[in-house]
Amino acid sequence: MEVSAAAGMSAETLRKIETGRIPTPAFFTIAALAEVLDVSLDQIALHLTPAVRT
């Protein structure tokens with residue numbers, strides 16, 4: 001099954017996200033992709049959030 005179809009978006013939209021033509025995809029778009037790819041939103045957030053130093 002194609003990732004884009006499983007996430008409910010067109011292949012072109014996924015290509016635009018992958019190539020940076022959509023630099024900030026909507027939250028629900030990311031959530032749909034995460035579900036299809038079996039990646040938690042927590043894992044994604046860890047890669048996007050700068051480390052907090054105490």
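# Exercises on a Four-Helix Model

Read along the sequence, this protein follows the pattern α-α-α-α. The model is predicted: local features need pLDDT of at least 70, side-chain atom pairs count only at pLDDT 80 or more, and totals for chains, interfaces and linings use all residues. Residues are numbered from 1 along each chain as its sequence is written, and side-chain values use heavy atoms, with hydrogens and water left out.

## Exercise 1. Overall composition

Task: State how many helices and strands the protein has, and what share of its residues is buried.

Solution. Step one is to count the elements: there are four helices and zero strands. Helices (H or I, at least four residues) and strands (E, at least two) are DSSP runs, numbered from the N terminus. Step two concerns burial: 15% of the 54 residues count as buried. Here buried means under 20% relative accessible area, exposed means over 50%, and partly exposed lies in between (1.4 Å probe, protein chains only). Step three turns to the surface, where about 4400 Å² is exposed and carbon and sulfur atoms supply 59% of that area. Such areas come from the Shrake-Rupley method with a 1.4 Å probe; for residues, only the protein chains shown count as cover.

## Exercise 2. The nonpolar core

Task: Identify the residues of the largest nonpolar core and the elements that give two or more residues to this core.

Solution. A nonpolar core is a set of buried Ala, Val, Leu, Ile, Met, Phe, Trp, Tyr and Cys residues joined through side-chain atoms within 4.5 Å. The largest one has six residues, namely Ala7, Met9, Leu14, Ile17, Ala32 and Leu33. Two or more of these residues come from each of α2 (11-19) and α3 (27-37). Next, consider contacts, that is, heavy atoms within 4.5 Å. Residues up to four places away in sequence not being counted, Met9 touches Ser4, Leu14, Ile17, Thr29 and Leu33. Finally, examine α3, in which Ala32, Leu33 and Ala34 are buried. The buried residues of α3 pack against α1 (3-6), α2 and α4 (41-48).

## Exercise 3. Ser4 and Pro25

Task: Decide whether Ser4 is buried or exposed, and list what Ser4 touches.

Solution. Ser4 is found in helix α1. With a relative accessible area of 2%, Ser4 is buried. Beyond residues up to four places away in sequence, Ser4 touches Met9, Ser10, Ala11 and Leu14.

Pro25 may be treated in a similar manner. Pro25 has its place in the loop between α2 and α3, and at 23% relative accessibility it counts as partly exposed. Residues up to four places away in sequence being left out, Pro25 touches Ile17 and Ile30. From C-alpha to C-alpha, Pro25 and Leu14 are 9.8 Å apart in space, and they are eleven residues apart in sequence.

## Exercise 4. The aromatic pair

Task: Determine why the pair formed by Phe27 and Phe28 is edge-to-face.

Solution. The structure holds one aromatic pair. The ring centres of Phe27 and Phe28 are 5.3 Å apart and the planes stand at 80 degrees, so the pair is edge-to-face. The cut-offs are these: rings of Phe, Tyr and Trp (its six-membered ring) pair if their centres lie within 6.5 Å; planes under 30 degrees apart count as stacked, over 60 as edge-to-face and the rest as tilted. Phe27 and Phe28 are both exposed.

## Exercise 5. The loop after α3 and helix α4

Task: Locate Asp38 and describe its phi.

Solution. Asp38 is found in the loop between α3 and α4, just after α3. Its phi is near 60 degrees, a positive value in a residue other than glycine. Asp38 is exposed, with a relative accessible area of 70%.

Proceed to Ile44, which is found in helix α4. Ile44 is partly exposed, its relative accessible area being 25%. Apart from neighbours within four places in sequence, Ile44 is in contact with Ile30, Ala34 and Val39. Ile44 and Ile30 are 14 residues apart in sequence, and 9.1 Å apart in space from C-alpha to C-alpha.
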